[in-house]
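Reader: Please guide me through the structure displayed below, explaining each term when it is needed.

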Amino acid sequence: MSQCCRPPSPNATSLLPEQTTATTVSAAEVSVGVVAIAGGKSFVGTNTPAIEQDGEGPQRSVTLAPYGISATTVTNAEFERFVAATGYITEAERIGWSPVFDSSREHLAHAASVGNQLPWWKIVEGARWNHPEGPQSDLRDREDHPVVQVSWNDANAYARWAGGRLPTEAEWEHAARGGAHPQRFPWGDAEPSDSDIYCNIWQGSFPRHNSLTDGYLLTAPAKSFEPNSLGLYNMAGNVWEWTQDAFKIRSLSKSAKLRNASAAQHKEKVLKGGSFLCHISYCYRYRIAARMAMSPDSAGSNAGFRLAFSSRT
């Protein structure tokens with residue numbers, strides 16, 4: 001199963017964002033709510049990986065310090081406040097383009113004709129956080145949706161301003177499960193389908209037809225669908241979420257060593273949760289143990305982030 005949700009990388013790591021210097025704000029001012037998590041003994045990964053080449057296994061034990069995590073991903077409105085306060089310029093703006101999902105018949109036909117292995121991605125000049133599909137798009141009626149077209153570097157700049165950080169992969173998984181519970185999805189083990197809707201993923205035949213049974217072609221509001229047992233929203237589907245961690249596969253196989261060398265070369269980071277583009281038929285990555293990797297300067301129309309906060313007690 002290919003990294004079908006992964007947008008093309010700009011390979012422009014020299015274009016690093018400037019550090020923000022404005023006064024930071026409190027978590028309460030920038031988040032819909034922060035859920036306190038006690039930490040303790042937990043685990044990350046699984047012993048029954050569905051996509052073994054992504055490094056979903058083996059399951060390993062971890063001990064987590066107490067931490068907080070935002071109930072939702074950072075929204076367009078919240079990111080707009082950050083930009084207004086700091087003058088921050090995202091990497092997509094600096095680079096001048098970013099990948100956008102395009103399932104139109106014309107684009108898919110052209111992309112296939114030139115041998116594009118992921119024909120639903122299109123490089124769009126001017127695509128950025130406040131024009132997520134390109135200059136003709138805007139955030140009207142999407143202020144409460146997750147901000148997208150933000151890189152790992154952008155997410156960290158926002159986190160510093162907000163007094164938080166990105167969660168680790170272990171923290172993210174523990175929060176998504178609602179604790180150290182061996183369940184496949186944030187809501188339990190029930191499998192979502194084209195008719196049983198738990199989250200914002202693809203329904204229909206990807207990429208040509210989306211039945212929109214869940215009500216959304218692209219992103220949904222950050223606070224939508226039922227939260228998990230801890231009150232966290234959209235820990236599966238909607239947008240991929242950046243984590244702190246460098247991407248690594250824990251295996252001694254030749255293929256894993258080659259993949260790890262490539263990930264280290266490009267300084268790739270782990271993303272969790274899947275997105276509105278995922279479907280069991282081709283990208284079964286909306287499970288808690290699933291993971292994806294992108295370089296820290298990459299962005300796309302299906303990737304965002306949420307904040308974590310270290311305990312001060």
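Author: Buried means under 20% relative accessible area, exposed means over 50%, and partly exposed lies in between (1.4 Å probe, protein chains only). This is a predicted model, in which local features need pLDDT of at least 70 and side-chain atom pairs count only at pLDDT 80 or more, while totals for chains, interfaces and linings use all residues. Residues are numbered from 1 along each chain as its sequence is written, and side-chain values use heavy atoms, with hydrogens and water left out.

Reader: How many helices and how many strands are there in the protein chain?

Author: Helices (H or I, at least four residues) and strands (E, at least two) are DSSP runs, numbered from the N terminus. Counted in this way, the protein chain has 7 helices and 13 strands.

Reader: Residues how many positions apart account for 74% of the contacts with a separation of 6 or more?

Author: A contact means heavy atoms within 4.5 Å. Among contacts in the protein chain with a separation of 6 or more, 74% belong to residues whose positions differ by 24 or more.

Reader: Which residues does the face of H4 turned away from its buried side carry?

Author: Helix H4 covers residues 105-113, and its buried residues are His107, Leu108 and Ala111. They span an arc of only 95 degrees around the axis, the arc being that of the directions from the helix axis to the C-beta atoms, which puts them on the same side of H4. In general, an α-helix has 3.6 residues a turn, so residues three or four places apart point the same way. The face turned away from the buried side carries the exposed residues Arg105, Glu106, His110 and Ser113.

Reader: Against which strand do the buried residues of H4 pack, and which residue follows H4?

Author: The buried residues of H4 pack against strand S6 (121-125). H4 is followed by a residue with a positive phi, near 80 degrees, namely glycine 115.

Reader: Within what arc do the buried residues of H2 fall?

Author: In helix H2 (residues 76-86), the buried residues are Asn76, Glu78, Phe79, Phe82 and Val83. They line one face of the helix, because, seen down the axis of H2, they fall within an arc of 165 degrees.

Reader: Aspartate 54 forms a salt bridge with which residue?

Author: A salt bridge is a side-chain nitrogen of Lys or Arg within 4 Å of a carboxyl oxygen of Asp or Glu, and the structure holds 13 of them. Aspartate 54 itself is buried, at 3% relative accessibility. Its partner is also buried, with a relative accessible area of 0%. The closest N and O atoms of the pair are 2.7 Å apart, and the partner is arginine 285.

Reader: How many residues apart in sequence are the parts tied together by arginine 287 and glutamate 56?

Author: The side chains of arginine 287 and glutamate 56 form a salt bridge, 2.5 Å from N to O. Arginine 287 lies in the loop between S10 and S11 and glutamate 56 in the loop between S2 and S3, so the parts they tie together have a sequence separation of 231 residues.

Reader: Which residues do salt bridges that share partners join into one network?

Author: One salt bridge is that of lysine 272 and glutamate 169, at 3.1 Å from N to O. Lysine 272 lies in strand S10 and glutamate 169 in helix H6 (residues 169-177), so the pair ties together parts 103 residues apart in sequence. Shared partners extend the connection into one network of Glu169, Glu173, Arg177, Lys272 and Arg291.

Reader: Which proline does a cis peptide bond join to glycine 57?

Author: Omega of this cis peptide bond is about -5 degrees. The proline lies in the loop between S2 and S3. The residue joined to glycine 57 is proline 58.

Reader: Is phenylalanine 225 buried or partly exposed?

Author: Phenylalanine 225 is found in the loop between S8 and strand S9 (240-246). Its phi is near 65 degrees, a positive value in a residue other than glycine. At 23% relative accessibility, phenylalanine 225 counts as partly exposed.

Reader: Is asparagine 234 buried or exposed?

Author: Asparagine 234, in the loop between S8 and S9, is not a glycine, although its phi is positive, about 55 degrees. With a relative accessible area of 8%, asparagine 234 is buried.
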